[in-house]
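I have opened a fresh page for a structure I had not looked at before. Come along as I look things up, one entry at a time.

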Amino acid sequence: MLKVNLFCDINFLLQHYLCKIYSFYCLYKSIFNIVNKIIIFLFLHFMFQMNINGCIIMLAISEIEKGIDMKEPKQSEQVLDKLPFSKWHLENFFLLGFGLQINGVLNSSGNSILADLIHKGWSNNYLNAAFSSAMMIGFFIGSLIGGWLGDKIGRKKSNEISILTFAVFSLVAALVPNMFLLIVSRGLMGIGMGAGIELGYGSFTELLPAKFRGKWQAMLSCFGNFSPLIASLLCLIAIPTIGWRSVFIICSVSAFIILFFFHKFFKESPHWLLQNGHKKEGECLLNEIVKRVEKEQGHKINISVNENDNRKLNSSQKVKIPFKNFFFGALGRRTLICSTTLIAMNLALYTINNWIPTIFVNNGITVTKSLLMTTIMIVAAPLGTYFSTFIIEFLPRKLFGGIFIIAIAILGYIYAQQRSEASILIIGFIMIFILYIYNSFSSAVYATELWPTQVKMRGLGISNAIGRFVAITSPYLIAWILTDFGVVAVFITLGILLGLCALIIILFGIETRKKTINEIDSSINLESNREVNHA
């Protein structure tokens, strides 16, 4: 009877909160769109009476003034790649960056919240493990759902649903009466967070010209990687004074604020519109962007498209891609490379970050000193991501990834051999610095560049899900090796696995450095799932 009542209570709460989410979203959407809808309706009604299509006029004027032939999709899509860096790019950087940052703060604050819950008698080690596992399972599910939504309904709406999901369930987590419902809330929160990571990085890729795409994608990673520091400061101030629930409330309110600005200012990706049968909308948006950048620059921008470019885009209409296609042919190659890139990141990141304090203690260093040394070493993380913005374009992508994976493997082995506190600290600092350069490269740059527009989010979602699976299972492998064979064996195993990842990327990797979105889109025939080699 108790189990039946508990099930009914959970079912009621889920239905109640889902209804609240839906009601809020509908109200939220209507408030921000009602004025625009009235204006658009009046404008279209007037144009209809005059038998004039306003969009065609605008495009015709643009073609006369700028010499841009908008009749060809491939030429339309070259426009974004010709623009200089502008406030429009910076605005999108911050809209996506703050979403990723709140996402990261929610993720990073979990350990501090769990420590307080144990202190208050709310939780124990087993419930803490369930809390962490629920989030990782949510990340796994969110990666798949977010990828499907991103390609199905567009970058803007899918990002909004992602932010809304972790904003709502963060608020729910602050109100739950017991640990069981907190674990459930954390899992549902994780779905939005897992989707948000790939959607945030993937959306920004499509807005940037090839000449500075790598640098600004790495900059977005740097911006997001300040979240662990922000989470530490937030938990340090909030938990002792007003309790752990306040952390979830602050993150939820912050996420709703970001959602407000995102909905108001973020525009749909023109590439997604043009590649999914929304040609007129995409071309109108491109002209709007060009005019805004011209106004900022104070002069006309000479945008000359390459009419001799014989690359053929996949289609201006959406191509139906079965799920199985992501595991063979040209798409299968991208899944292999993208998954391997992210597996290497997860193996190194979670092994090193999660086990460093334990390894310190096993070497006879006190817990207090271990935490202090870990804090000092973690300072290398934002420094590494920031440094990556300066060097990301120096080497071909697959060579860059291979070299840094091998460097992490070698440094890991050297690190495991150290016995003095000074050498552990110095080698560890360098290792984390290199690790976060690779972290920036893998999740923010290379993984997002591998995929054509029509399948970008699904490809990222599948690859991220595979990477998440490794993150879920690898701690058990590491715990077994550390217990039975010691620290050196852990880093030897890590080195072998990372070496295999580096070999796969170097041998089978696809070069994307300095390639435009048009070139990436036209590098694969989605209907036949084959590579397209251009002369």
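**Entry 1: a word to settle.** I use "buried" for a residue with under 20% relative accessible area, "exposed" for one over 50%, and "partly exposed" for one in between. I also keep in mind that this is a predicted model.

**Entry 2: asparagine 529.** I tried the word out on asparagine 529, whose relative accessible area is 4%. That is under 20%, so I wrote down asparagine 529 as buried. I found asparagine 529 in the loop between β1 (524-525) and β2 (530-531). Its phi is near 60°, a positive value in a residue other than glycine. I noted the background too: most residues other than glycine have a negative phi.

**Entry 3: the whole chain.** Next I stepped back for an overview. I looked up the secondary structure and got 22 helices and two strands. Of the 535 residues in the chain, 54% are buried. I then looked at contacts between residues at least 6 apart in sequence, and 84% of these join residues at least 24 apart. The chain exposes about 24,300 Å², and carbon and sulfur atoms supply 69% of that area.

**Entry 4: lysine 514.** I went back to phi values and stopped at lysine 514. Here phi is near 65°, again a positive value in a residue other than glycine. Lysine 514 sits in the loop between α21 (487-508) and α22 (517-521). Is lysine 514 buried or partly exposed? Its relative accessibility is 42%, and because that value lies between 20% and 50%, I call lysine 514 partly exposed.

**Entry 5: helix α19.** I picked helix α19, which covers residues 421-449 and has 29 residues. From its first C-alpha to its last it reaches 41 Å, close to the 42 Å expected at 1.5 Å a residue. Where is the kink in α19 centred? I traced it to serine 442, with an angle of about 40°. I also checked the cover of α19: 22 of its 29 residues are buried, so I wrote "mostly covered" beside it.

**Entry 6: helix α20.** Then I turned to α20, residues 456-485, which has 30 residues. Its end-to-end reach, first C-alpha to last, is 41 Å, close to the expected 44 Å. I found a bend of about 35° at threonine 473 in α20. A proline, proline 475, follows that bend within four residues. Just after α20 comes glycine 486, with a positive phi of about 100°.

**Entry 7: threonine 335.** I wanted one residue to follow through its surroundings, and I chose threonine 335 in helix α15 (residues 329-362). With a relative accessible area of 5%, threonine 335 is buried. Which backbone oxygen does its side chain reach? It is the one of phenylalanine 326, at 2.6 Å. Setting aside residues up to four places away in sequence, I listed what threonine 335 touches: Phe326, Phe327, Trp451, Ile462, Ser463 and Ile466.

**Entry 8: cysteines.** I searched the whole structure for disulfides and found zero. For cysteine 235, the nearest cysteine sulfur belongs to cysteine 251 and is 7.8 Å away. A disulfide here needs sulfur atoms within 2.5 Å, so cysteine 235 is in no disulfide. I looked up accessibility as well: cysteine 235 is buried at 5%, and cysteine 501 is buried at 8%.

**Entry 9: leucine 285.** Helix α14 (residues 279-297) holds leucine 285. At 8% relative accessibility, leucine 285 counts as buried. I looked up its C-alpha distance to leucine 273, 12 residues apart along the chain, and read 9.3 Å. Leucine 273 also turns up among the residues that leucine 285 touches, along with Lys267, Glu268 and Pro270, not counting residues up to four places away in sequence.

**Entry 10: lysine 398.** My last stop was lysine 398, in helix α18 (residues 397-417). Its relative accessible area is 28%, so lysine 398 is partly exposed. The C-alpha atoms of lysine 398 and threonine 341 are separated by 9.5 Å, although these residues are 57 apart along the chain. Which residues is lysine 398 in contact with, leaving aside its neighbours within four places in sequence? I wrote down Tyr446, Ile505, Ile506, Gly509 and Glu511.

Note on methods
Residues are numbered from 1 along each chain as its sequence is written. This is a predicted model: local features need pLDDT of at least 70, side-chain atom pairs count only at pLDDT 80 or more; totals for chains, interfaces and linings use all residues. Side-chain values use heavy atoms; hydrogens and water are left out. Buried means under 20% relative accessible area, exposed over 50%, partly exposed in between (1.4 Å probe, protein chains only). A polar contact is a pair of N or O atoms within 3.5 Å; within protein, one must be able to donate a hydrogen and the other to accept it, and residues adjacent in sequence count only if both atoms are side-chain atoms. Contact means heavy atoms within 4.5 Å. The expected span of a helix is 1.5 Å times one less than its number of residues. The bend at a residue is the angle between axes fitted to the seven residues ending there and the seven starting there. Accessible areas come from the Shrake-Rupley method with a 1.4 Å probe; for residues, only the protein chains shown count as cover.
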